[in-house]
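Dear colleague,

Please find below the sequence and structure that I am handing over to you. My findings follow directly after them.

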Amino acid sequence: MSNNALIANLIKMTLKAQKEVIFSPKNMTRLITLVKRMQQSFRLMVGVPDYATYVSHMQEQHPDLEPMDEKTFFRYCVDARYPSNGASMKRCPC
């Protein structure tokens with residue numbers, strides 16, 4: 001059995017054995033929070049910034065300034081990481 005199949009079977013058996021605990025209404029908010037934090041972590045690992053964190057930072061630290069809209073924010077982050085204005089990159093964006 002390959003490692004992927006073994007991991008899949010372990011997850012499947014765990015979910016079957018603990019489904020009452022994992023999917024109880026009491027734990028759904030925890031599960032949703034866990035999924036959101038995992039999404040945020042994965043995005044940050046590959047270099048995709050988190051717009052919600054940016055907005056909350058702007059509201060807390062710079063209430064007099066209006067935050068960029070989501071499309072402008074991501075364009076700004078991509079341009080900052082991968083300059084396209086003909087300037088050479090001084091270091092690897094990784």
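**Surface and fold**

The protein chain exposes about 8300 Å², and carbon and sulfur atoms supply 60% of that area. Please bear in mind that this is a predicted model. The protein chain contains 5 helices and 0 strands, and its pattern along the sequence reads α-α-α-α-α. Of the 94 residues in the protein chain, 9% are buried. Among the contacts with a separation of 6 or more, 17% are between residues 24 or more positions apart.

**The nonpolar patch**

A nonpolar patch is formed on the surface by I7, I11, L15, F23, M28 and I32, which together have about 520 Å² of accessible area. Two or more residues of the nonpolar patch come from each of α1 (3-17) and α3 (25-45). The helix that gives the most is α1, with 3 residues.

One member of the patch, I32, lies in helix α3. The relative accessible area of I32 is 44%, and I32 therefore counts as partly exposed, since this value falls between the 20% limit for buried and the 50% limit for exposed residues.

**A buried residue in α3**

N27 also belongs to helix α3. Is N27 buried or exposed? N27 is buried, because its relative accessible area of 17% is under the 20% cut-off. When its neighbours within four places in sequence are left aside, N27 is in contact with V21 and I22.

**The two sides of α4**

Helix α4 covers residues 51-61, and Y51, Y54, V55 and M58 are buried in this helix. These four residues lie on the same side of α4, because they cover an arc of only 95 degrees around the axis. In general, an α-helix has 3.6 residues a turn, so residues three or four places apart point the same way.

Which residues are exposed on the other side of α4? They are A52, E60 and Q61. As for the buried residues of α4, what covers them includes α5 (70-81).

**In brief**

When you open the model, I would suggest viewing three places in turn: the nonpolar patch, to which α1 gives the most residues; N27 in helix α3, with its contacts to V21 and I22; and helix α4, with Y51, Y54, V55 and M58 buried and A52, E60 and Q61 exposed on the other side.

With kind regards

Terms used. Residues are numbered from 1 along each chain as its sequence is written. This is a predicted model: local features need pLDDT of at least 70, side-chain atom pairs count only at pLDDT 80 or more; totals for chains, interfaces and linings use all residues. Side-chain values use heavy atoms; hydrogens and water are left out. Buried means under 20% relative accessible area, exposed over 50%, partly exposed in between (1.4 Å probe, protein chains only). Contact means heavy atoms within 4.5 Å. Accessible areas come from the Shrake-Rupley method with a 1.4 Å probe; for residues, only the protein chains shown count as cover. Patches are made of residues with over 30% relative accessible area and no salt bridge: like charges are joined within 9 Å, nonpolar side chains (Val, Leu, Ile, Met, Phe, Trp, Tyr) within 5 Å. A salt bridge is a side-chain nitrogen of Lys or Arg within 4 Å of a carboxyl oxygen of Asp or Glu. The arc is that of the directions from the helix axis to the C-beta atoms.
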